[in-house]
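Me: I am new to this structure and would like to learn how to read its features one at a time. Could you take me through them slowly, with the general idea before the particular case?

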Amino acid sequence: MKFIDEFRNKEIAEGLIQRIQKISTRPIQLMEVCGTHTVSIFRYGIRGILPEQIQLISGPGCPVCVTPNGDIDLAIALSRQKDVIITTFGDMMRVPGSTSSLQKEKADGRDIRIIYSSLEALKIAKEHLDKKVVFLAIGFETTSPTIAVAILRAKEEGLHNLFFLNSQKRVPPALIALLQSKHVRIDGFILPGHVSTIIGTDPYQFIAKEFGRPAVVTGFEPLDILQGIWMLVKQIEENRATVEIQYRRVVHEEGNPIALSKIDEVFEKDESRWRGLGLIPDSGYRFKESYKEMDVRNLEVEVEPPKEHPECLCGEVLQGIKSPLECRLFKKICHPENPIGPCMVSIEGTCFTYFKFQ
Amino acid sequence: MSGEKILLAHGSGGKLSHDLIKQIFLPQLANPILEPLDDSAEIMNREGHLAFTTDSYVVNPIFFPGGDIGKLAVCGTVNDLSMIGATPSYLSLSLIVEEGFSIDLLKQIVSSIHEVAEQAGVNIVTGDTKVVEHGAADQLFINTAGIGWIRSGVNLSGVNAKTGDKILLSGHLGDHEMAVLSQREGFKFQSELKSDCAPLNDLVRKMLNACPSIRCMRDPTRGGLATTLNEIASMSNVGIVIEEEKVPVRESVRGISELLGLDPLYLANEGKLIAICPPNEEEHLLDVMRDHPLGRDAEIIGKVTEENRKRVILHTLIGGHRILDMLTGGQYPRIC
Amino acid sequence: MCLGIPGKVVEIEKNVAKVDVGGFLRDISLDLCPDVSIGEYVLIHTGFAIQKVDEKEAEETLDLLKKMAEAI
């Protein structure tokens with residue numbers, strides 16, 4: 001497949017590893033923010049072929065992992081209403097809420113449907129005008145424009161039965177929170193390639209300018225990741241700190257202005273709760289006035305008070321402070337068939353990837 | 001009977017049941033053992049070990065590119081018998097039909113069953129049909145059981161793998177599951193992706209003729225290649241190493257997998273097998289497989305090791321490695 | 001946190017493109033990336049094209065990587 005296979009070439013990968021080995025003189029910790037990077041790194045076994053002094057830690061860029069229990073509980077409560085159809089991306093099905101999950105509710109007969117695109121929620125709403133169709137809007141800036149488009153279309157077409165459970169998150173504010181935390185030691189950032197196709201590189205400048213760390217916007221194929229790591233190591237060894245783009249074939253400094261304008265039409269920035277990281281300013285969205293009627297939180301629903309397992313370490317794992325191996329529940333009680341926290345559910349969740357690939 | 005629907009009475013054992021047998025099943029599946037239509041089939045005993053297997057089929061949708069639930073039912077049981085080194089001989093065929101099911105569609109499915117049974121050289125010798133109320137079953141469920149005598153001189157089992165053995169795969173992974181998924185979801189292709197559903201007994205026969213010392217054969221159905229290899233590694237208490245670049249996957253299957261976030265190593269296949277053979281026999285076995293229409297794309301994909309017992313390790317495309325675990329909880333398509 | 005796959009545009013009708021990913025055809029919305037022609041590649045995420053793939057940049061990146069690998 002074009003633009004994929006060429007970036008999985010073995011000989012070039014071996015050459016890049018040698019290059020990295022040549023210039024690396026000191027132990028460093030690089031954070032790969034994005035869950036899709038976590039998966040790619042494990043899938044190709046990249047940790048095992050990097051020089052030992054380069055440590056990769058996984059960050060909180062897994063939208064499923066950072067969704068608070070309360071949001072899942074709300075989705076579950078809605079699904080139990082007779083006239084509601086829940087539409088969601090597959091990622092959310094197994095995430096445990098306080099006492100249940102969407103997968104369990106579906107088994108109990110609730111109308112919960114997996115879709116591949118926000119536009120399918122629109123289609124289902126049109127086909128079921130007698131029901132309320134709720135779309136679980138999770139994701140980062142890569143997905144937000146697609147959600148905005150669905151909202152704009154619904155409004156244009158006068159659809160009154162489509163609602164959105166807004167659980168979207170924004171990456172740069174989370175990075176600020178991490179950099180401000182005393183527990184986290186990061187020498188450089190592997191920045192999310194696809195989020196950056198939308199937001200460009202301006203939103204990351206503070207990493208270099210205020211915090212003096214290098215950051216490289218990186219693609220997801222093995223050669224992309226290796227080149228991105230090489231670029232970071234080079235900056236660190238040369239005591240430089242700038243934001244660079246490795247993933248030049250789809251990321252431009254200005255991002256995607258059309259996509260950004262769609263988000264802007266529908267949403268404005270708002271504080272948002274991240275599981276494990278708490279409330280982070282500007283890290284989410286709220287609906288603008290003219291679109292508020294599609295916010296599902298306007299509907300009357302009784303939701304159970306949120307509960308998290310007291311020993312679940314997802315919070316610290318998400319910040320890269322602890323590894324899953326340090327969690328008392330890991331593998332003993334918490335495993336993919338019985339996940340206690342979202343880090344074990346999401347295929348990008350750090351705990352899941354440790355369980356499967358370690 | 002054409003154009004009509006199945007009624008509850010078709011399953012009650014009375015006149016309509018007999019009509020169903022006489023007009024739909026017997027014309028297509030007739031053979032001397034079935035024809036008496038006694039409560040049980042009478043089979044002449046033979047020397048040797050008898051293999052016995054059963055499976056139920058609940059696939060949705062019941063028709064998909066490359067096959068249907070009937071073809072699947074016969075192939076699945078023929079293949080289970082073949083994997084243990086048995087020559088598949090006799091099958092039972094039980095149907096649970098939802099009231100209102102189209103008789104024309106039923107005829108089509110029985111026709112499929114007939115066609116593939118003939119191709120595989122097996123006979124359906126006993127059967128049953130029950131009808132349940134509308135809503136109590138999803139259109140049609142099938143159960144087949146099968147027997148066959150195990151070839152002498154052959155000992156195939158998941159406990160037999162030994163250090164140094166080589167692992168062969170007969171062809172592309174994921175065709176069946178993707179064909180079914182694409183039918184269900186309405187996915188489109190440049191050239192149609194078909195299920196690989198096929199009876200493997202002829203291929204197995206030729207492989208065992210060429211290499212009677214094959215240790216083990218398995219067909220990677222639900223859970224895919226990764227799950228099957230884990231079963232063997234566990235049963236034989238050995239390690240397994242697979243080379244990612246050797247594992248064949250069609251481009252279209254890779255395309256959907258990448259797009260939906262699914263892993264071909266965990267997708268179901270219905271016309272593929274893996275074989276574990278002693279060292280130095282793999283090249284010859286590979287030639288024999290590639291000589292057969294169902295093994296044209298066969299590859300030697302890995303080997304059995306002393307280290308990492310009970311684990312399956314994948315050497316990745318770029319020279320790294322990762323552990324291939326069993327499938328847990330099914331794959332959902334993802335956006336992240 | 002986002003699966004994005006490159007695909008080739010084979011047909012366009014208004015704001016929907018038929019995109020080929022390894023032989024698998026998908027209808028993709030061009031709402032976020034309208035300026036596309038047949039034969040070009042786009043990056044697909046949840047049924048939308050979110051950016052064009054710049055073939056020249058891709059080639060340059062690969063060339064650079066090849067040189068880096070050889071120079072060892």
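Me: Let me begin with a single pair of residues: in S11(B), which residue is the bridge partner of Leu169(B)?

Reply: Keep in mind from the outset that this is a predicted model. As a general idea, the strands of a sheet pair through backbone hydrogen bonds, either in the parallel or in the antiparallel sense. In this case, Leu169(B) has Ile274(B) as its bridge partner in S11(B). That pair belongs to a longer match, since strand S7 (residues 166-169) of chain B is joined by four bridges to strand S11 (residues 274-277) of chain B, and the two run antiparallel.

Me: In what order do the strands of that open sheet stand, and how many are there?

Reply: The open sheet is built from seven strands of chain B, in the order S9-S11-S7-S12-S10-S13-S14, and its pairing is mixed. At the edges stand strand S9 (216-218) and strand S14 (321-323) of chain B, each with a single partner strand, so one side of each has no neighbour in the sheet. From one strand to the next the twist averages 25°.

Me: Which helix lies across S7, S11 and S12 of chain B?

Reply: That is helix H8 (residues 282-290) of chain B, which lies across S7, S11 and strand S12 (299-305) of chain B and runs at about 10° to S7(B).

Me: What is the strand order of the four-stranded open sheet in chain B?

Reply: Those four strands of chain B follow the order S1-S6-S4-S5, in an open sheet with mixed pairing. Strand S1 (50-57) and strand S5 (123-132) of chain B are the edge strands, each with a single partner strand, so one side of each is left without a neighbour in the sheet. On average, neighbouring strands of this sheet are turned by 15° against each other, with direction ignored. Within the sheet, strand S4 (residues 86-98) of chain B pairs with S5(B) in the parallel sense over nine bridges, and Val97(B) has Val131(B) as its bridge partner in S5(B).

Me: Now to the helices: at what angle do the axes of H1(B) and H3(B) cross?

Reply: When reading two packed helices, look at the distance between the axes, then the angle, then the residues in contact. The axes of helix H1 (residues 15-29) of chain B and helix H3 (residues 103-120) of chain B come within 9 Å and cross at roughly 15°. H1(B) and H3(B) therefore count as roughly parallel to each other, and their crossing is right-handed. From H1(B) the contact takes Ile24(B), Phe25(B), Gln28(B) and Leu29(B), while H3(B) provides Leu106(B), Lys107(B), Val110(B), Ser111(B) and His114(B). By class, the contact of H1(B) with H3(B) has five nonpolar residues, three polar and one charged.

Me: Within what distance do the axes of H2(B) and H3(B) come?

Reply: The axes of helix H2 (residues 69-83) of chain B and H3(B) come within 7 Å, and they cross at roughly 30°. H2(B) and H3(B) are therefore roughly parallel to each other, with a right-handed crossing. Among the residues that make this contact are Val74(B) and Val78(B) of H2(B), together with Ile113(B) and Val116(B) of H3(B). The contact of H2(B) with H3(B) divides into 11 nonpolar residues, two polar and one charged.

Me: Turning to the chains, how many residues of chain A are in contact with chain B?

Reply: Chain A has 36 residues in contact with 20 residues of chain B. On the side of chain A that touches chain B, H2(A) gives the most, with five residues. That side of chain A has 18 nonpolar, nine polar and nine charged residues.

Me: How many residues does the contact take from chain C and from chain A?

Reply: This contact takes 29 residues from chain C and 42 residues from chain A. Strand S4 (41-45), strand S5 (48-52) and helix H1 (55-70) of chain C each supply at least two residues of the side of chain C that touches chain A, and the largest share, nine residues, comes from H1(C). The side of chain C that touches chain A comprises 16 nonpolar, eight polar and five charged residues.

Me: What confidence does the predictor give to chain C and to the complex?

Reply: Where pLDDT is low, the predicted coordinates should not be read in detail. Chain C has a mean pLDDT of 93, with 97% of its residues reaching 70 or more. Among the elements of chain C, strand S3 (residues 24-29) has the lowest mean pLDDT, 91, and S5(C) the highest, 97. For the complex, the predictor gives an ipTM of 0.95 and a pTM of 0.90.

Note on methods
Residues are numbered from 1 along each chain as its sequence is written. Chains are lettered from A and ligands numbered from 1 in the order in which they are written. This is a predicted model: local features need pLDDT of at least 70, side-chain atom pairs count only at pLDDT 80 or more; totals for chains, interfaces and linings use all residues. Two strands pair if DSSP finds at least two bridges between them. Axes are lines fitted to C-alpha atoms, for helices over the stretch in contact, and angles run from 0 to 180 degrees between N-to-C directions. Two residues are in contact if their C-beta atoms, placed from the backbone, lie within 7 Å. Ala, Val, Leu, Ile, Met, Phe, Trp, Tyr, Cys and Pro count as nonpolar, Asp, Glu, Lys and Arg as charged, and the others, Gly among them, as polar. Angles under 35 degrees count as roughly parallel, over 145 as roughly antiparallel, 65 to 115 as roughly perpendicular and the rest as oblique. A crossing is left-handed if the near helix is turned anticlockwise from the far one by less than a right angle, and right-handed if clockwise. pLDDT is the predictor's confidence in each residue, from 0 to 100.
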